[in-house]
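I opened a fresh page today to look through one protein model, step by step. Come along and keep the structure open beside these notes.

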Amino acid sequence: MLKRDKKDKKKKIRRHQPSRPKLEAAISEILDKAINAESANAPKQLHLILTTEHPEWKLPERRVAKYLKRKLKDKNDPKFNGINV
């Protein structure tokens, strides 16, 4: 039986929940770029973008939807009514 070196083992990325300010900043940045917030799939798309940009974040889609809705509501954007949390 062959022994594996410690270097051969793939290092796992420790995932953590981002703080509220970090998550709000990331969502604002993505919304400023261009995301179709009118779409019913907006929380899902935003979740996908956030998890690809920040693979170390442990982030449920529901939490992303909640923050997206809050951001749109703060901007007095009527699109927030279409987001179900």
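**Entry 1: confidence**

I started with pLDDT, which is the predictor's confidence in each residue, from 0 to 100. I needed that because this is a predicted model. For the protein chain I found an average pLDDT of 80, with 72% of the residues scoring at least 70. I also looked up the elements: helix α2, residues 42-53, has the highest mean pLDDT at 91, while helix α3, residues 61-74, has the lowest at 88. A reminder to myself: where pLDDT is low, the predicted coordinates should not be read in detail.

**Entry 2: the overall layout**

Next I asked how many helices and strands the protein chain has. I noted three helices and zero strands. Going along the sequence, I read the pattern as α-α-α.

I then looked at how the chain is packed. Of its 85 residues, 29% are buried. Among contacts with a separation of 6 or more, 55% are between residues 24 or more positions apart. For the accessible surface I wrote down about 6900 Å², with 49% of it belonging to carbon and sulfur atoms.

**Entry 3: helix α1**

I checked the length of α1 with a little arithmetic. Its 14 residues should span 20 Å at 1.5 Å a residue, and the end C-alpha atoms are indeed 20 Å apart, so the two agree.

Which residues of α1 are buried? I listed Leu23, Ala26, Ile27, Ser28, Ile30 and Leu31. These buried residues pack against α2 and α3.

**Entry 4: helix α3**

I repeated the length check on α3. Here too 14 residues at 1.5 Å each should give 20 Å, and the end C-alpha atoms lie 20 Å apart, which agrees.

The buried residues I found in α3 are Arg63, Val64, Ala65, Tyr67, Leu68 and Leu72. They pack against α1, residues 20-33, and against α2. After α3 comes Asn76, and I noted that its phi is positive, near 55°.

**Entry 5: salt bridges**

Side chains of opposite charge can pair when their charged atoms come close. I went looking for such pairs and counted three salt bridges.

One joins the side chains of Arg20 and Glu24, with N to O at 3.1 Å. Both residues sit in helix α1, and because they are four residues apart, about one helical turn separates them. Are they buried or exposed? Arg20 has a relative accessible area of 44%, so I wrote it down as partly exposed. Glu24, at 23%, is partly exposed as well.

Another salt bridge is between Lys33 and Glu29, whose closest N and O atoms are 3.9 Å apart. These two are also four residues apart in helix α1, about one turn of the helix. Lys33 counts as exposed because its relative accessibility is 55%, and Glu29 counts as partly exposed at 45%.

Lys33 also forms a salt bridge with Glu53, with the closest N and O atoms 3.8 Å apart. This pair links distant parts of the chain, since Lys33 is in helix α1 and Glu53 in helix α2, 20 residues apart. Glu53 is partly exposed, at 39% relative accessibility. Putting the shared partners together, I get one network of Glu29, Lys33 and Glu53.

**Entry 6: Arg63**

Then I returned to Arg63, which lies in helix α3. How far away is the nearest side chain of opposite charge? I found Glu24 at 8.7 Å. Arg63 is buried yet has no salt bridge; the cut-off for one is 4 Å.

So what is Arg63 in contact with, leaving aside neighbours within four places in sequence? I noted Gln17, Pro18, Ser19, Arg20 and Leu23.

**Entry 7: Pro18**

Pro18 was on that list of contacts, and I looked it up next. Pro18 is found in the segment before α1. Its relative accessible area is 4%, so Pro18 is buried.

Not counting residues up to four places away in sequence, Pro18 touches Leu23, Trp57, Lys58, Leu59 and Arg63. I also compared sequence and space for one of these partners: Pro18 and Leu59 are 41 residues apart in sequence, and their C-alpha atoms are 7.7 Å apart. I closed the page there.

Definitions and conventions
Residues numbered from 1 in each chain as written. Heavy atoms only, no water. Buried < 20%, exposed > 50% of the residue type's maximum accessible area, 1.4 Å probe, protein only. Contact = heavy atoms within 4.5 Å. Areas by Shrake-Rupley, 256 points an atom, 1.4 Å probe, with all protein chains shown as cover. Expected span 1.5 Å × (residues − 1). Lys, Arg positive; Asp, Glu negative; His and termini not counted.
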